[in-house]
Number of protein chains: 2
Amino acid sequence: MSEPTQQPPVESEGAEKGPSKNELKKQAKAAEKAAKAAEKAAKQKEQQEQKAAAEVDYGTENYGSLPLNQSGSRPRRERVNIADLNKHYDKPVLFRARIQTSRAQGNKMVFLNLRQRIDTVQALAVVNSDTISKQMVKWIATLPDESIVLVEGVAKQPPEPIKSASVSDVEIHVEKLHLEVGVTARLPFTLDDASRNDEEVASSEVQMNRVLLETRLNNRVLDLRTLTNQAVFRLQAAIGDLFRQTLESQGFIEIHSPKLQGAATESGASVFQVSYFKGKAFLAQSPQLAKQMAIAADFDRVYEIGPVFRAEDSNTHRHMTEFVGLDLEMAIQEHYHEVMDVLDNLFVSIFRGLKQKYAKEIEVVGKQFPATEFKWREGPEGTLKFTFAQAVDLLVEDGVAREVLDDINTENEKRLGRIVKAKYDVDYYIIDKFPMELRPFYTMPDANDPTLSNSYDFFMRGEEILSGAQRIHDPVFLAEKMREKGVDPDSMKGYLDAFRLGCPPHGGGGIGLERVLMLFLKLNNIRRASLFPRDPKRLEP
Amino acid sequence: MSEPTQQPPVESEGAEKGPSKNELKKQAKAAEKAAKAAEKAAKQKEQQEQKAAAEVDYGTENYGSLPLNQSGSRPRRERVNIADLNKHYDKPVLFRARIQTSRAQGNKMVFLNLRQRIDTVQALAVVNSDTISKQMVKWIATLPDESIVLVEGVAKQPPEPIKSASVSDVEIHVEKLHLEVGVTARLPFTLDDASRNDEEVASSEVQMNRVLLETRLNNRVLDLRTLTNQAVFRLQAAIGDLFRQTLESQGFIEIHSPKLQGAATESGASVFQVSYFKGKAFLAQSPQLAKQMAIAADFDRVYEIGPVFRAEDSNTHRHMTEFVGLDLEMAIQEHYHEVMDVLDNLFVSIFRGLKQKYAKEIEVVGKQFPATEFKWREGPEGTLKFTFAQAVDLLVEDGVAREVLDDINTENEKRLGRIVKAKYDVDYYIIDKFPMELRPFYTMPDANDPTLSNSYDFFMRGEEILSGAQRIHDPVFLAEKMREKGVDPDSMKGYLDAFRLGCPPHGGGGIGLERVLMLFLKLNNIRRASLFPRDPKRLEP
């Protein structure tokens with residue numbers, strides 16, 4: 001640094017004399033240097049601040065509540081999934097989890113059951129001189145179930161497998177634990193209670209709380225957190241995925257048809273009416289007409305995954321007012337059995353895919369909903385198939401009066417399922433060639449017997465999960481059949497017009513996603529297979 | 001054969017004498033033989049009938065109308081796609097196609113342009129002594145456009161590429177041609193007219209019919225058959241597929257949330273009301289609340305593809321009352337930019353996937369809707385990003401008054417698109433950190449500046465295609481923000497309850513599928529990107 005001038009500067013006096021040129025230069029240099037130093041210091045400070053911000057503020061202690069995460073910093077610290085903890089033995093790990101349960105042992109130790117989706121792990125916090133104080137253990141023990149915590153610790157291999165956790169070969173030795181998100185509501189039930197199966201509840205000597213379906217659905221967000229439900233909805237997504245993959249590999253393309261329709265379609269069945277500006281609209285009860293029009297528009301093979309709406313006031317175990325339809329439609333080259341074969345192959349692909357790729361999820365659900373393994377027939381014989389007439393014969397042989405079998409009602413449908421299971425040991429089969437009078441107007445009659453139709457239903461565990469058919473593609477014949485079934489062709493002009501422009505022979509089918517899921521897993525009520533189910537009495541949550 | 005008895009049998013006379021034991025034996029043997037022969041003959045006849053049934057009945061001639069296909073037989077004859085015909089040179093081929101156009105040359109020859117989805121091929125029927133009569137050529141020439149025909153012929157390599165067909169290296173020499181499905185309506189426009197681009201129509205010296213959008217949509221089934229539309233909807237399906245694949249590979253699972261809701265959600269915006277038994281329901285204007293509840297239910301990363309409904313009475317080029325939402329929501333570990341990065345990576349995957357795998361479809365659409373190649377920035381720099389403040393500065397620099405830029409309206413949004421295109425040569429960019437007052441109540445404010453929010457919009461060619469943000473996961477803070485925006489927390493109790501049960505920090509976004517499709521291809525009107533579009537004035541077809 002340059003020496004300061006000895007003479008104190010005086011504003012008016014000696015102004016003329018002032019500092020010499022040299023001194024001025026010196027001063028300028030000094031100022032420049034100081035400015036540079038200040039800039040450097042500011043930069044360093046900024047960097048330090050940035051570095052500080054880049055570290056998560058876990059408070060001054062090893063525990064306590066974190067401030068509300070408003071994305072104040074992004075330190076990019078590596079986090080581990082509970083399912084992968086056994087790849088990190090004796091290493092420090094960081095992860096977020098729910099506290100499913102906690103249990104203090106004396107005042108020096110607390111056990112936690114920590115949960116992420118379908119995985120749980122045991123964690124242990126023990127007082128030590130280093131990281132864990134008595135206060136910390138005490139505080140951890142007071143955290144309510146379902147709190148979201150950020151855990152730092154070491155993944156240890158326990159001496160014996162831990163039966164109470166799904167990841168049984170890891171125990172976390174906690175070093176830091178912070179509350180990230182608290183629970184401010186009283187839990188209407190515990191996750192443990194919600195995870196028990198009926199048998200456990202019934203056979204237990206201690207009082208166990210059975211959580212009713214109604215209570216679960218009223219508190220669906222909590223109910224969905226059980227390992228069972230986490231697995232159920234992974235399997236729901238898997239069915240959709242297998243459906244798509246199988247069809248994509250066979251030249252199908254996905255379409256999206258409108259749910260808002262100008263007219264109540266399909267022979268005036270129960271549809272919901274919508275206020276549409278100054279007029280009205282109706283909610284599609286299936287993509288039937290749209291997907292047929294897509295075939296008339298030459299898309300050749302189409303599928304759709306989307307909501308369908310049924311305004312039926314029925315509160316059974318298998319009806320909802322809104323469900324997810326897996327629909328397909330395809331041009332036929334020679335025979336409608338081409339469609340039946342595609343659909344059959346599709347179901348077998350789904351069953352096979354679930355078993356092969358989702359064994360863990362199926363096992364998890366099976367603990368709460370025990371079910372016999374789902375069986376179907378593969379190999380050269382292929383899927384078990386009956387004609388409607390043969391199915392009736394099976395029921396008659398079993399003691400059902402033939403007179404009541406013009407149609408097979410739900411009760412006899414289930415009975416048939418039991419007969420088939422006993423005789424063939426399969427849970428999946430097809431009934432072909434339904435009587436024409438049981439099917440909608442657009443169903444193609446059999447080539448030789450006009451009382452029969454080119455239509456089929458598919459069944460899982462004795463319940464219908466798909467209905468399909470060859471459709472009439474000839475507009476004159478279609479109008480004739482409409483009139484026979486009491487539908488005025490003029491009321492469906494748009495639909496008929498599509499066929500007047502020439503439509504190839506075609507057929508298809510519609511699958512209820514939730515039904516397939518419910519029956520594959522034997523959930524016994526379709527509401528369990530729907531994220532937020534809707535029925536005549538339920539529109540919330 | 002045994003000799004007949006010479007004596008004519010007399011009923012009463014000689015009854016006692018009758019035929020000898022030996023004769024009886026002989027007769028029995030003969031009867032048995034005859035029965036066997038009859039059985040054999042019957043079997044042969046049955047086999048012949050079966051064989052006959054197994055052959056398609058193409059009539060007695062090489063041409064004519066086929067009977068209505070009611071799946072009377074399934075001969076399993078191999079059929080070829082037009083796109084694959086060049087793998088069958090000099091071989092007999094069988095396929096179904098539409099007649100796009102036909103042109104007789106004298107009375108001995110007829111040229112056909114045959115179509116399957118996005119492929120066309122030229123076929124030629126010439127009178128010869130062998131298979132094709134003069135009558136047949138005459139009859140073929142009378143078949144109306146859009147008839148569905150079954151063609152048998154030989155795939156020949158033409159001396160020169162055929163420019164009028166998309167498969168230019170094949171010409172079919174027709175040997176048999178049958179009408180499978182006729183056209184009974186007068187076509188409102190020809191496919192050729194519907195396939196022209198505006199420039200062609202404008203510059204042509206001959207009178208060409210321009211087909212208006214309104215006319216197309218009124219006759220959508222026909223309109224959808226153009227090569228352009230076949231390609232557009234293949235690309236629509238591709239976007240959905242790329243969306244799913246990208247997210248599935250990052251641990252997202254698909255959910256299906258209900259479209260029927262008990263209350264009008266999201267601050268009383270325009271929703272459709274539904275008659276629901278004795279009460280009412282509302283159509284979801286987004287899966288926003290449901291997907292947030294899925295995060296509160298620990299699904300961690302979810303996406304949904306489904307219809308969303310907007311009851312806004314606006315008839316612009318980019319609004320529909322029903323469209324397909326591609327939605328996602330995910331838990332945040334540290335910072336909402338994790339979500340922005342997932343979304344950004346998602347868009348780049350979609351753009352890249354379209355260019356790499358669907359070049360043919362993009363080219364087909366480009367013939368009718370010429371567009372500059374869609375550009376985005378890759379490499380270490382990554383996608384172009386601005387803060388809202390920076391975007392405003394760009395507009396101010398360009399001459400827009402700062403006073404009008406509290407929000408960026410549609411006009412300025414487009415202007416910004418042009419500025420960015422000129423300056424950076426990209427069609428895709430992100431604007432981050434929107435002012436809090438422009439966003440809904442559930443948006444998380446910035447950690448340091450409460451007037452800003454942790455929210456972003458994504459843009460393609462100067463139009464918004466995604467809106468998203470970090471959401472408030474704290475129920476107390478959420479209720480406070482509701483009140484600030486004039487929403488009564490009690491009216492959304494179910495939603496708030498989900499957060500009271502503890503919900504991790506999270507964020508997400510919603511994409512309009514049809515907008516992405518429209519803007520990528522520059523279709524200029526969103527209705528062209530929807531199979532059967534819905535707007536305030538259109539509910540049909």
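**Helix 12, chain A**

I began on the outward side of helix 12 of chain A, where E411(A), R418(A) and A422(A) are exposed. A reminder to myself: this is a predicted model.

Next I asked which residues of helix 12 of chain A are buried. I found N412(A), E413(A), L416(A), G417(A), I419(A) and V420(A). Seen down the helix axis, the buried residues fall within an arc of 165°, so they line one face of helix 12 of chain A.

What do those buried residues pack against? I listed strand 13 (384-387), helix 11 (388-397), strand 14 (428-432), strand 15 (455-460) and strand 16 (463-471), each in chain A.

I also checked the length of helix 12 (residues 410-424) of chain A. Its 15 residues, at 1.5 Å a residue, should span 21 Å, and the end C-alpha atoms are 21 Å apart, so the two agree. Just after the helix comes D425(A), with a positive phi near 55°.

**Aromatic rings**

I ran a search for aromatic pairs over the whole structure, and it returned 50 across all chains. One I opened was F351(B) with W376(B): the centres are 5.4 Å apart and the planes at 40°, a tilted pair. This pair links distant parts of the chain, 25 residues apart. F351(B) belongs to helix 9 (residues 337-357) of chain B, while W376(B) is in the loop between helix 10 (359-368) and strand 13 (384-387) of chain B. Both residues are buried.

W376(B) has another partner, F374(B): with 6.4 Å between ring centres and 35° between planes, that pair is tilted too. Are F374(B) and W376(B) buried or exposed? F374(B) has 2% relative accessibility, so it counts as buried. W376(B), at 16%, also counts as buried, because the cut-off is under 20%.

Over in chain A, I noted one aromatic cluster made of Y336(A), F347(A), F351(A), F374(A), W376(A), Y428(A), Y456(A), F458(A) and F520(A).

**Charges over rings**

In chain A, the charged end of R439(A) sits over the ring of F434(A), 4.4 Å from its centre. I then looked in chain B and found R439(B) over the face of F434(B), at 4.4 Å from the ring centre.

**Strand 5, chain B**

My last stop was strand 5 (residues 148-156) of chain B, which is mostly covered, with eight of its nine residues buried. Which strands pair with it? Strand 2 (residues 92-105) of chain B does, antiparallel over seven bridges, and L94(B) has E152(B) as its bridge partner. Strand 6 (residues 171-181) of chain B is antiparallel to strand 5 of chain B over nine bridges, with V149(B) partnered by L179(B).

Technical notes. Residues numbered from 1 in each chain as written. Chains lettered and ligands numbered in written order. Predicted model: local features only at pLDDT ≥ 70, side-chain atom pairs only at ≥ 80, totals over all residues. Heavy atoms only, no water. Phe/Tyr/Trp six-rings, centres within 6.5 Å; stacked < 30°, edge-to-face > 60°. Helix = DSSP H or I, 4+ residues; strand = E, 2+ residues; numbered from the N terminus. Buried < 20%, exposed > 50% of the residue type's maximum accessible area, 1.4 Å probe, protein only. Lys NZ or Arg CZ within 6 Å of the ring centre and 35° of its normal. Pairing = 2+ DSSP bridges. Expected span 1.5 Å × (residues − 1). Arc of directions from axis to C-beta. Contact = heavy atoms within 4.5 Å.
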